[in-house]
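Biologist: Please take me through this model and justify the terms you apply to it.

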Amino acid sequence: MKRRLPDPVEAVEVTPDLERRAERAERWRGFRLAVPAYVYLIVLFAVPLVLVGVYSFASRSRTGQPLLHDWNLDSVKRLADSAFLQIAWRSILLALLTTIICLVVAYPFSYYIATRSERTRNVLLVFVMIPFWSNFLVRTYAWKVLLGADGIFTRIGEALGLWGQLLFTMPAVLIGLIYGFLPFMVLPLYASIERLDWSLVEAARDLYATGPKAFRRVTLPLSRPGIIAGSILVFIPSLGAYVTPDILGGAKTTLLGNYIVNQFLAARNWPLGSSISMAIMIVMLLATVLYFRSGGRTL
Amino acid sequence: MTTGRDRSMTTRRLDRILAGHSALVYLFFYLPLAVLVFFSFNDSRFANRWEGFTLDWYRAIPKDQALMNSVKNSLIIALESTAVATVLGTMAALSLERYKKWLGKRTFDALLYLPVIIPDVTMAVMLLIFFTQINQALGLTTIILSHIAFNISFVAIVVRARVSNLDPSLEEAASDLYASRWKSFRKVTLPLILPGVLGGALLALTLSLDDVVITSFVQGPGATPLAVEVFARIKRGVTPIINAVSTLMLVASILLILGSLLIQRRQGSATRGG
Amino acid sequence: MKRVICLLIPMALLAAACGDDDGGTAAEPVACEAGETDGNLDLYNWSEYIDPDLIPAFEAEYGVSVTETFFESNEVMLAQIQAGGAAYDLIVPSDYMVSIMAEEGMLIPLTKAAIPNLANLDPKFTGLPFDPTGDYSAPYQWGTTGIGFAYEALGEDFEPSWAVIFDPDPSYVGQISMLNDAREALGAALKYLGYSVNTTSEAELQEAVDLLKSIKPAIAKFDSDQYEDDLVGGEVMIAHGWSGDFFFAFDDTDGWEDFGYFIPEEGAVAWVDNMAIPRTADAVCTAHTFIDFMLDAENGAALTNYNFYASPNAAAAEFVDPEILGDESIYPPDDVFERLEFIADTGAFELKFQDAFTDVKN
């Protein structure tokens, strides 16, 4: 991949030995660069993860303590319960819908920002994030006002005759999730569109004549890393979201996020909470790995 | 960027549509914020009934020690964890995208994803268990360490979206040009990936300021940040004093950003002039 | 990958060995004298649960400083104390949580000689089921779970019954809020059906589930945090919730004319929050002194006057605002009190409650 051009002045004969050594040095550099994060994540993530992972096989004491001497698979088996699968399925649909809408809204938006002059670009980007430096809870309460009986969204809906009060319904949850996770889609999309090689887009314009075709054939594939990263950053957190659904949706249907939190808190059933979490992580990781195996590209 | 591009009618029309769309998106972003700011002046402790204008909530801020303390904690936690996570996350992203397969790369790749995938509460419980097992007293340190742990991954994901497909020939030319690797990184690679790094840092900062679940498990006496403080106040109802604090923080960050832009502009013209 | 797994397996075993809790060894009592202090106090309390003037008063009187930290759920606090990493000196767990923590050996037995003001307690609040000997906790404040309402919905003349929620009038259907808590929501249904909130009968629980499911369309939301705001703000007309929260909201909006609260005649849930000293405490004697300070007649009354929850402190009565003292929904008469029930930890049956509530919401 990384081929050194022969130096025109002082041509060195490239022997296999030299190449191998250069390659080894290169690998070593790559490894060294990753070491700090690697070590950090092993100590502060992998090890703690194992500590909680073992609880998947524990049982719950009468008072809600996880007991480890009584190893069993009860909690793991409960993952096959139809009630649980129903909750999981519902959450996946909601997260998927959130991701798709975020992508559709964020792409043209990021494209617009990325094609401004450099200074404007940075300002526009920072102004995307500023609202999210206010407090999460009061932000959500503000949405409650907007979606409530006298809220502007309700007024608009009633004026158009399309919808009534959205607060405490699923659409309200969806709006809240999109609001919360849209920046997660914008950031990586912006980062990858801003870097596009515009001469390629130009060439495509000349080649395909129509704008949409050039977009589909060149711009879109080139910004794929951003699309993938953004989708991951939106899909996964919205799968686990629970405060927004509780406040805006009225907590009338259980979602995966509430269910897990409930196991760790109200039910004090750490074994079940742990096994659900482990299952989610394994499924997600496998899905990503399979995706990249079949797609043949790393992020 | 746009020079030499075909400025046809359709392009211009498309640009206008995009501008309109973006304006709507910004409206969507700032609409709840307008509500939030509006109710910070509300003469009632409830956020859903307008009872008249007052500045009392702003006056009450300096007197609310717990609140002031939590804002200070939030800033310390957010800035420190963002700085560390941005550096580590960027290095991780470069290593994964720019270097050939090194031993353990696959495992690292997977490990880097897990903090994004794991449910908040599970990460909270595991870190709590971990810190107590190693006898680390709960407090600011444990909060910062935890925030770095999840932020590294978020930074890395955003930076990777930027680094992949970067034209490697530029860097090679640079390493031929500059003797030291560090210099070629600083002069060529960093400017190229900077938008990604900036995006990653912004995301990390936001996540740190917003985190409630993990922080509430690993916090110790007196080390509560704002987000958790607000959550604890839910029981009695969150008063507009939180809106007032949020408003002040928004104003401060906007001023900070405008200020730094001004300085940048002045420096820019100074170097050009000299 | 293999390498990492090899590395992690010993860790897992280590965790299994260390993390295993064999029911908890009981913490030893600490000898303290009345008024003794042994360091600054780290207090872990519910937010806005203490009259802001009381802490400076304590600091001035005893020359120690108090750091207040807040928790928003009994369970997060339990996890922290259980793990043993947080060195709080005094915590304020609710009733059922006291019994769990005491059973797990997480609480230091109180040295009663260091708390002379225990004598101020109303006999009704000593020897409660969650701490029959009073060895582990001293009651802080108590209240009931009932129904807050808008007069607009119920009128002046109505039956104070759970039927307000479970057999709702069409005029306020869809404007009812219920607590987002398995034990409370199902408890309300159980009370309406005439059963105990601490039932361990699956058949009774199932009846409660069916009842809740049948009225679900009438319910706007399950919420334990903002129902009182939404009641006075007009988003809901009927709200199932904790007494003091309603009064706090009515008082703040001058809403006493428009809104009310009642304890349903079928009986309801009563709860007590309690002061207790966790095993991890450093300043155990300061904690005792603080408990004694809070059980003082005037200080106990100050709490009630501040947050409208009733005081378990009999001696405090003379300092409590007469309007609060005379309010039967804050200080219920004996016949109502007898119909109140504390939520008790039902052990393994607890999971049935949780699953039942998930079932209601599915």
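Modeller: Chain A is divided into domain 1 (1-45) and domain 2 (76-295).

Biologist: What makes these the bounds of domain 1 and domain 2 in chain A?

Modeller: The bounds come from an automatic or database domain assignment. Taken over C-alpha atoms, the centres of domain 1 and domain 2 of chain A are 37 Å apart. This is a predicted model, in which local features need pLDDT of at least 70 and side-chain atom pairs count only at pLDDT 80 or more, while totals for chains, interfaces and linings use all residues. Residues are numbered from 1 along each chain as its sequence is written, and chains are lettered from A and ligands numbered from 1 in the order in which they are written.

Biologist: How does the radius of gyration of chain A stand against that of a compact globule?

Modeller: The globule rule is 2.2 Å times the number of residues to the power 0.38, with the radius taken over C-alpha atoms. For 299 residues a compact globule would have a value near 19 Å, but chain A has 25 Å. The C-alpha trace of chain A spans about 80 × 65 × 35 Å along its principal axes.

Biologist: What share of chain A is called buried, and on what grounds?

Modeller: A residue is buried if 20 or more other C-beta atoms, placed from the backbone, lie within 10 Å of its own. Of the 299 residues in chain A, 48% are buried.

Biologist: How many residues of chain C and chain A are said to be in contact?

Modeller: Contact requires C-beta atoms, placed from the backbone, within 7 Å; 32 residues of chain C are in contact with 30 residues of chain A.

Note on methods:
Two residues are in contact if their C-beta atoms, placed from the backbone, lie within 7 Å. A residue is buried if 20 or more other C-beta atoms lie within 10 Å of its own, exposed if 12 or fewer, and partly exposed in between; C-beta atoms are placed from the backbone.
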